[in-house]
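Here are my notes on this one, point by point. Have the coordinates open as you go through them.

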Amino acid sequence: MTGVPTRTLLLWCPDWPVLAAEIVDGVPAIGPVAVLHANRVVACSERARAEGVRRGLRKREAQGRCPQLTVVDHDPGRDARAFEPVVAAVEEVAAGVEVVRPGACALGARGPSRYLGGEEPAAERLVEHVAQTCAVESQVGIADGVFAAGLAARVGQVVPAGGTPGFLAGLPVEALGRPALADLLRRLGVRTLGDFAALPAGDVLARFGFDGALAHRLAAGRDHRPLAVRQPPAELAVTADHDEPIDRVDAAAFAARALAERLHDRLAAHGLACTRLGIEAVTAHGQELHRVWRHDGLLTAAAIADRVRWQLDGWLSGSTGRPGARPARPTAGIIRLRLVPDGVLAQAGLQPGLWGEAGEERERAHRALSRVQGILGPEAVVTAVLGGGRSPADQVRLVPWGDERLPARPGEPTWPGQDALPAPVEPAGSGGVTGSGGAVGSGGVTGSSGAVGAGGVVGSAVGVGGATGPGVPPWPGRLPPPAPAVVLPAPLAATVYDAVGEPVGVSARLQVSAAPARLVVGTARPVDIVGWAGPWPVDERWWAPAEARRRARFQVCLADGAALLLAVEAGQWLVEAIYD
């Protein structure tokens, strides 16, 4: 606890919950408005007070006194968000601000009073600046300590230095903000803060406990803690203005490298590193361009420069690298370039290992791949990200090296060794197909975990449900392990024939017209099918007709030893993947 209270300036915005509701939700504060918490009024507007509404009233009683009352639920988050611009406006005049609560902030009075010509001029300057910047009315109180300054702000008073105990002595005990303690003190005959402060400190501690002892110090004008001022966030963004508009990629790359080094040095000075980079540009015609680059790791100066160069190349060349997709080129050159570290974290170096440098191989590979990207572009080096989905193609997403590795669909792929649902038994007529754990001879196709002989499809067949772990969303109809060895980037068109040469079809009730006997992929020669399993349906996004997709999948084993994953959709057979 501090012995000598700090000379404190406190800025208070009356009826702040009501003003916050007007700022955020558009509720007009000039009308009768009451903010309720637990069915009781915690704040009300001036017009509502004129109608008899007071804090602590129940909702029904408040509406009875003012039938036109607008009721708003109390939202501390809304109050805090709306108060942030007010605190920022105060910090423009004086540093070292502590937010006491939404609607009140305090700071040491010594600094502002010295360079603004006194305590009263400093108070007037703050009130005027907040009114001009935020259009919010406020009052300022100055006293010794935060508690006394808050009470002085209620009446807009500057208490002389050393006069705080006398200022507090005549106030009622309710000013402590502790209703239970105030009620007990009144029943004991203690009605003012001066009477309470006159009691021996030891007796107060023994009778009222630790909270009562803190209140006793406040009543005597002695704060129990110093100001806990907040540090304004450091300005990390860097900006470069150009007199001559930049309309060439080589000139933009040169400017980008210098700006990237400035940003990296500024972050390093604060012990920070960047994971998301915002790139902003303004053209000579006032057009504003903005893009955010994400990175799976820490962006070095070279990595920042590469991403800025790639982005400027995309803007100035008017091309994304994909045929038929060319965004409009800016109508003028770039005159302002700004880099904003959108995501920062503490820079932590790698601890050297006992038998070598930790992460040395990874760093070497990262530099090599980044160099290739710098020469050929960000899309030249991609890595696979595994996620959820029903088919093998859905479970893999290719992302450029260094970008954030987020799966296209939530969930994790099924890996070998995880439990998978058994495959259903094939309808009659398929031949040589077993359920879970079954074993067949030559030419057989097995279900989940089944062993096969020569020519069989190794592994599990597609089940009606997918294996999921803790916290993994379910994917009914997903492909259980093992995964196919090759997933085709674009499925190949195929045709399946029966023994008499007629095309095989699958009805809406999953009835196969005949047993598959031969497979023709594109223009290749027909190959006999020696084993097959299916069909297993996948009906996706049926609730969205434009995105709905319904297909049935088969596993087939061919006479040449190949094992394929087939799908039939809208009467068309497709080869989706190839097994080893």
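**Notes on the model**

1. Let's start with one pair in a small sheet: A34 has C44 of strand 3 as its bridge partner. Keep in mind throughout that this is a predicted model.

2. That pair belongs to a wider match. Strand 2 (residues 33-37) and strand 3 run antiparallel, with 4 bridges joining them. The sheet they sit in is open and has 3 strands, ordered 3-2-4, with mixed pairing. Strand 3 (40-44) and strand 4 (70-73) are the edge strands; each has a single partner, so one side of each has no neighbour in the sheet. From one strand to the next, the twist averages 40°. As a reminder, strands of a sheet pair through backbone hydrogen bonds, either parallel or antiparallel.

3. Now for the whole chain. It has 14 helices and 19 strands. Of its 580 residues, 43% are buried. If you take the contacts between residues at least 6 apart in sequence, 54% of them join residues at least 24 apart. The exposed surface comes to about 30100 Å², and carbon and sulfur atoms supply 55% of that.

4. Which residues lie closest to the centre of the largest pocket? They are W12, R55, R101, R154 and G177, out of 42 residues in the lining. The space inside this pocket is about 1400 Å³.

5. The lining draws on several elements. Strand 1 (7-12), strand 3 and strand 5 (97-101) each give at least two residues to it, as do helix 1 (16-25), helix 4 (76-93), helix 7 (146-154) and helix 9 (179-187). Strand 3 therefore turns up twice in these notes, as a sheet edge and as part of the pocket lining. Helix 7 supplies the largest share of the lining, with 5 residues.

6. Helix 7 deserves a longer look. How many of its 9 residues are buried? The count is 8, so the helix is largely enclosed by the rest of the structure. The buried ones are V146, F147, A148, A149, G150, L151, A152 and A153. They pack against three strands and three helices if you go through the list: strand 1, strand 5 and strand 7 (139-144), then helix 8 (164-169), helix 10 (193-197) and helix 11 (201-219). Strand 1 and strand 5 also help line the largest pocket. Just past the end of helix 7, G156 has a positive phi of about 60°.

7. Next, a residue in strand 11 (residues 334-346): I334. Is I334 buried or exposed? With a relative accessible area of 4%, I334 is buried. I246 is 88 residues away from I334 in sequence, yet their C-alpha atoms are 4.9 Å apart. Beyond the neighbours within four places in sequence, I334 is in contact with H242, E244, P245, I246, A281, V282, T283, L312 and L316.

8. Last, take a look at E576, which lies in strand 19 (residues 572-579). E576 counts as buried because its relative accessibility is 10%, and the cut-off for buried is under 20%. Which residues does E576 contact, leaving aside neighbours within four places in sequence? Arginines R549, R551 and R553 are among them, and the list also includes S391, V487, L488, L565 and A567.

Methods: Residues numbered from 1 in each chain as written. Predicted model: local features only at pLDDT ≥ 70, side-chain atom pairs only at ≥ 80, totals over all residues. Heavy atoms only, no water. Pairing = 2+ DSSP bridges. Axes fitted to C-alpha atoms, helices over the stretch in contact; angles between N-to-C directions. Buried < 20%, exposed > 50% of the residue type's maximum accessible area, 1.4 Å probe, protein only. Contact = heavy atoms within 4.5 Å. Areas by Shrake-Rupley, 256 points an atom, 1.4 Å probe, with all protein chains shown as cover. 1 Å grid on protein atoms, 1.4 Å probe; cavity = no way out; pocket = protein on both sides within 12 Å on 5 of 7 lines; lining within 4 Å. Points joined across faces, edges and corners; volume = space filled by probe spheres on them.
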